[in-house]
Amino acid sequence: PLPGGSFRLVLTGAPGQTGQLQWSDEPMRIWTDWRPFALDGTPMEFIDDPPAASRARFYRVKPR
């Protein structure tokens, strides 16, 4: 977490890997597509605002 409640996620991997970042306020129940990505061999950073109505947010990568 960052000051103010935002979240910083950093993805790393081999060049050419693609996928979709997803988030959920209830893990293993409902996942929402958030950001597509294509890695180029350097770390890729994403910032997400704090969740409004929940105390926690969960993230996962859905490979393509």
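Strands, as I use the word in these notes, are DSSP runs of E that hold at least two residues, and they are numbered from the N terminus. With that settled, I went through the elements of this predicted model and found that, from the N terminus on, the protein chain runs β-β-β-β-β. The count I noted beside this was 5 strands and 0 helices.

Next I looked up how the strands are arranged, and I found that 3 strands form an open sheet in the order β3-β2-β5, with antiparallel pairing. The edge strands are β3, residues 32-38, and β5, residues 58-63, and each of these pairs on one side only. I also wrote down that neighbouring strands of this sheet are turned by 25 degrees against each other on average, with direction ignored. As a reminder to myself, strands of a sheet pair through backbone hydrogen bonds, either parallel or antiparallel.

I then followed one pairing in detail: strand β2, residues 18-24, pairs with β3 in the antiparallel sense over 6 bridges. When I looked for a partner of W23, I found T32 in β3 standing opposite.

For the chain as a whole, I noted that the C-alpha trace spans about 35 × 30 × 10 Å along its principal axes, and that 27% of the 64 residues count as buried. The accessible surface comes to about 4,600 Å², and 54% of this belongs to carbon and sulfur atoms.

Among contacts with a separation of 6 or more, I found that 62% come from residues 24 or more positions apart. Last, I looked up the charges and recorded 8 positive and 7 negative side chains, with the centres of the two sets 5 Å apart.

Terms used:
Residues numbered from 1 in each chain as written. Predicted model: local features only at pLDDT ≥ 70, side-chain atom pairs only at ≥ 80, totals over all residues. Heavy atoms only, no water. Helix = DSSP H or I, 4+ residues; strand = E, 2+ residues; numbered from the N terminus. Buried < 20%, exposed > 50% of the residue type's maximum accessible area, 1.4 Å probe, protein only. Contact = heavy atoms within 4.5 Å. Areas by Shrake-Rupley, 256 points an atom, 1.4 Å probe, with all protein chains shown as cover. Lys, Arg positive; Asp, Glu negative; His and termini not counted. Charge placed at Lys NZ, Arg CZ, Asp CG, Glu CD. Pairing = 2+ DSSP bridges. Axes fitted to C-alpha atoms, helices over the stretch in contact; angles between N-to-C directions.
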